[in-house]
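Got a few minutes for a new structure? Here's a quick tour, one residue at a time.

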Protein chains: 2
Amino acid sequence: MKELEQEILKNGIIINDEIVKIDSFLNHQIDIPLFMKLAKDIREFFKDQIVDKILTIETSGIALAFAVGLEYGVKNFVFAKKNKSAIVGNDNYTSQIFSFTKKSTNTVTVDKKFINKGENILIVDDFLAGGNAGVGLIDICRQAGANVVGFAAAVEKLFQGGREKIEALGVKVYSGAAIKSIENNTIIFG
Amino acid sequence: MKELEQEILKNGIIINDEIVKIDSFLNHQIDIPLFMKLAKDIREFFKDQIVDKILTIETSGIALAFAVGLEYGVKNFVFAKKNKSAIVGNDNYTSQIFSFTKKSTNTVTVDKKFINKGENILIVDDFLAGGNAGVGLIDICRQAGANVVGFAAAVEKLFQGGREKIEALGVKVYSGAAIKSIENNTIIFG
């Protein structure tokens, strides 16, 4: 989405060749009209699909999940919770997610009441990088017997292999802006 | 708000005389239309005030902040971040918040770029209980020289003293549903 790319170029802060900080509109301060446009673009991309519910993961996916849920007119979105401890009850679906950024594994949980067999679930998140969060959320949906309609991220880093991992599971991927590389303090979109 | 009270009675799970779990529509699964109605009710309550920006705290305040921001038609909302460590740079406003639920103190931070002098800020959160999160966010706004328009919570627990703490700072308080007590497995609204 052109407008998102322009926003990244204008307000993104390049930390190194792999990381660009986009706190000012994506994950600390949120640009509400931009998120609503992104939600519209996501719906257009998955226009042949039925979507019953949106699933994301705390914290940074929540705002986009709200926007996308509102755009679809669905009643609910669900955010998976991250726990350091592996102690989980029988009432939850769980999956292990390794975070490259934080170099730690989180046990991600969703209450079994909130993902149902046969539901059509669209998964959204702020970033698609290594793809582990997406893989974990797909795992949870499939444990529940739900149908994963697709995976949508605001920003994708094409050089970290996440898209391939998710597509290998048979899930269609959308991203609002796809960063091909960050070189000499310049962001190049793919 | 009648509809929120009914939802709490219908789907809230009473854990003990102080805690009711309302995961199914407030802070794990989110009821999007209910949040939009709540946002409308909040705007009506603060109708004499100008609001430039919404401030909340991760994680559970984010969905309500999005709804309220959309209702007001403002460009941005900001969510404060919680850090276990007290290491913070000069680029952030910080405040210490003690959580009764978790029995620990968090350093809450907001990037100085995102709260500006003279801005009219409405603070929102999912719960108002002991009031410490609200007090911390008001502290951050005042460090920045911003004007706190009010504090709005989806659900208030009247018996934990939060409202008094926030009103003592001269800030007007809204709650969508105010629980007076939980007795003999029954929720009584105030």
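What follows looks at the nonpolar core and then at two residues of chain B.

This is a predicted model, where local features need pLDDT of at least 70, side-chain atom pairs count only at pLDDT 80 or more, and totals for chains, interfaces and linings use all residues. Residues are numbered from 1 along each chain as its sequence is written, chains are lettered from A and ligands numbered from 1 in the order in which they are written, and side-chain values use heavy atoms, with hydrogens and water left out.

Let's start inside. The largest nonpolar core (buried Ala, Val, Leu, Ile, Met, Phe, Trp, Tyr and Cys residues joined through side-chain atoms within 4.5 Å) has 81 residues, and A:I54, A:F66, A:F77, B:I54, B:F66 and B:F77 touch the most other members. Beyond its neighbours within four places in sequence, A:I54 has contacts (heavy atoms within 4.5 Å) that include A:Y72, A:F77 and A:L122.

Now for chain B. Helices (H or I, at least four residues) and strands (E, at least two) are DSSP runs, numbered from the N terminus. Buried means under 20% relative accessible area, exposed over 50%, and partly exposed in between (1.4 Å probe, protein chains only).

| Residue | Element | Relative accessible area |
|---|---|---|
| B:K53 | strand β4 (residues 53–57) | 5%, buried |
| B:V135 | helix α5 (residues 132–143) | 26%, partly exposed |

Leaving out residues up to four places away in sequence, B:V135 touches B:K165, B:I166 and B:L169. As for B:K53, its contacts beyond four places in sequence include A:Q29 from chain A, plus B:F114 and B:E119.
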